[in-house]
Amino acid sequence: MSMLQKGNPYLYVLPAVLFILIFFFGGLFQGLLQSFGITPYNKDLVFTTLAYQELLQSADFWQSLLLTFRVSFLSTMLSGLLGILFAFILFIMALKGYDSNTASLFYRIFQYPLVIPHLAAGYLFLLLLMQSGWISRIGYHFGWVEEIHHFPILVNDTFGWGMILTYTWKEAPFITLMIYPVLFRIHKSWYEVARLYGSNTRKFISNIAVPLILPAWLSSLFIVFAFTFSAFEIPYLLGVTYPRLLPVYSFELFTHGGWMERSQSLALNIILAFITAILGGLSYKISKRWLLNERRGWE
Amino acid sequence: MGDLVITKMSKKFQHQITANDSSSNPPFQLRSADLKIHEGEFFGIIGPSGCGKTTLLKCIAGLISPDKGEIFLGKENVTHVLPEKRQFSMVFQQPLLFPHMKVIDNVAFGLKMQGINKKMRWNKAKDMLQSVGLSGYEYRHPSELSGGQQQRVSLARALLMNPKVLFLDEPFSALDPDLREEMRELVKLLHQKLKVTVLLVTHDREEAFQLADRLAIMDEGKVLQIDSPKLCYEKPVNVQVAKFLGSKNVIEGEVSDGIFRGKHLEIAYTNYAFSENKGWIIIRPELLKRIHSEIISREEGIFNFTGRITEVSYRSGFVHYKVNVHGQTLYVIESNQSDLPEVNEQVTLQLNMKKVHFIPQMGS
């Protein structure tokens, strides 16, 4: 009581800390134990790395890992490029004194994909891109394709284009949202200074704007990569049966396999969490180092 | 290179409604400005805030396209030359250094844009930093410098380009008084050393008077007078110039039969040479001298007033006071050598009418 009266801050955050400890770290810890074959409530207390060994020796795992990397990498790159391109279009519009209402209208339109849940985005792309989907039917109607099954397979395809396109559509606005405020802080007067000293718009972008937004861009790329690497909904909807992306592969192992597969599923989750944590740490380190320099003298 | 000549330059801004603000900015017009700035001259454009001096400067620099008018540098017409090709430099009110670049890279930015190799541009930047007293600061970031140091870097960046004209857009207004004085000295020194043509824009009279060889006085988008600082102050062409440059005693009236008649004051005024007899006399505050009544001079052209002091203030060695002379308030500034005058004290003021300036109404 006296602690409360004194206003001990630790006590006030205790419920939140307990919640995180129990449900996040608790779950993680339980998963870790089970991945090593330890299930205390089942009186199974023998430590084993069998699940990891079997997983790492399985061709399915490596195929799945490769596909997951490819889909995440391409989605991240495409959304990164599209996001930065759009942010720069808005920035140049502001720099050249275009009507600011038009720019803000574009900005708002570009933000809409952010409010659509990933699952809904998956369905939307499924309906749009499958061979019996809207685009294929429109193409058939206008005579662009002879038969609707001549339309290229873009969803549930082995390369993962459906997933890549959906992620790009969803994540490019996120990248724009992350870097546009940084670009917006660049003084118009800096552009005037740069012009007087012999720089044109292209040189200004490459010498001033890009170095200033690079840290924010890199951090957002890392976030997108980490997310697409471990997200479940879109690969579940738009992926193929084999090879599956790691999160789907883990889900299937967990729900459809036996007891042994369950340990493998959890081992897979631990590997996913480990890779994501490494990426997160790397992103933090890079952005911390860069942001320190970038933030200097902004005001 | 030659003189910088601006002819009939005008620019009109319409009502502008910004996206985040529904209020509209009032329209503004820069009216047909003509200027001739000699090569190597330190030229000042001075006027109250919002009078159009920065617009004029940016039109000359090419950062704003003028609606009409031409700019010549020597014989070359540069009106339609892109700003990046004009070889002009500018120091703004804020240092506007690029935060992600070290001091040396900021200074050498212009040379980098010209494609000069790193070694050469760094060497030149180091020399220039030495000239502005910032040796040893090369590898710091702008945020590690004080406001005055940042402005010095900005100045070094501008001078390194060896510009045909250097624009200074109120460059010291964000600095504290000591630093401002220091920077003015530095700019004056560098101007003498490098013989660069400088165009300074400021609303600070003291700064303009201290630095400029000649001044253009602007108000409401119009150039009102171009002269040396002394002439602008002592012989203003109209009342706006007189008031802006600190003339406190601007008295409206009429001259007839060798006498100036104001609302409250009548003064013998013989050195009158205008066809218009209505206008204003400008009595500069320092022309009025407090004298003892026993030494009143009866010389020709010397006029004596008797009045009562209504207000006194002491400012760094000078005493400023207001004297009510038959209902007319006269503002007096004199160096303080004895006790301060007191409010309600009766004083006699002496004025040499030969130094009084008359502005005829039609000329205003």
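Below, a visitor asks how the terms used for this predicted model are justified, and a guide answers.

Guide: This is a predicted model, where local features need pLDDT of at least 70, side-chain atom pairs count only at pLDDT 80 or more, and totals for chains, interfaces and linings use all residues. Residues are numbered from 1 along each chain as its sequence is written, chains are lettered from A and ligands numbered from 1 in the order written, and side-chain values use heavy atoms, leaving out hydrogens and water.

Visitor: How many disulfides does a search of the whole structure find?

Guide: Zero, over all chains. A disulfide is a pair of cysteine sulfur atoms within 2.5 Å.

Visitor: Why is B:C51 not bonded to B:C59?

Guide: The closest cysteine sulfur to that of B:C51 is in B:C59, 13 Å away, so the gap is too far for a bond.

Visitor: What makes B:C59 and B:C51 count as buried or exposed?

Guide: Buried means under 20% relative accessible area, exposed over 50%, and partly exposed in between, with a 1.4 Å probe and protein chains only. B:C51 has 1%, so B:C51 is buried. B:C59 also has 1%, so B:C59 is buried.

Visitor: How do you know that the span of helix α6 of chain A agrees with its 12 residues?

Guide: Helices are DSSP runs of H or I, at least four residues; strands are runs of E, at least two; both are numbered from the N terminus. The expected span is 1.5 Å times one less than the number of residues. For residues 118-129 that gives 16 Å, and the end C-alpha atoms are 16 Å apart, so the two agree.

Visitor: Which residues of α6(A) are buried?

Guide: A:H118, A:A121, A:G122, A:F125, A:L126 and A:L129 are. They cover an arc of only 140 degrees around the axis, so they lie on the same side of α6(A). The arc is taken from the directions from the helix axis to the C-beta atoms.

Visitor: What covers them?

Guide: The cover includes α7 (134-141), α8 (161-184), α10 (201-230) and α11 (233-238) of chain A. Contact means heavy atoms within 4.5 Å.

Visitor: In chain B, what makes β8 and β12 edge strands?

Guide: Two strands pair if DSSP finds at least two bridges between them. The open sheet runs β8-β9-β10-β5-β11-β12 in chain B, with mixed pairing. There, β8 (88-91) and β12 (222-227) each pair on one side only.

Visitor: How many bridges join β5(B) to β11(B)?

Guide: Four, between residues 42-46 and residues 214-219, and these strands run parallel. With at least two bridges required, they count as paired. B:F43 stands opposite B:R214 in β11(B).
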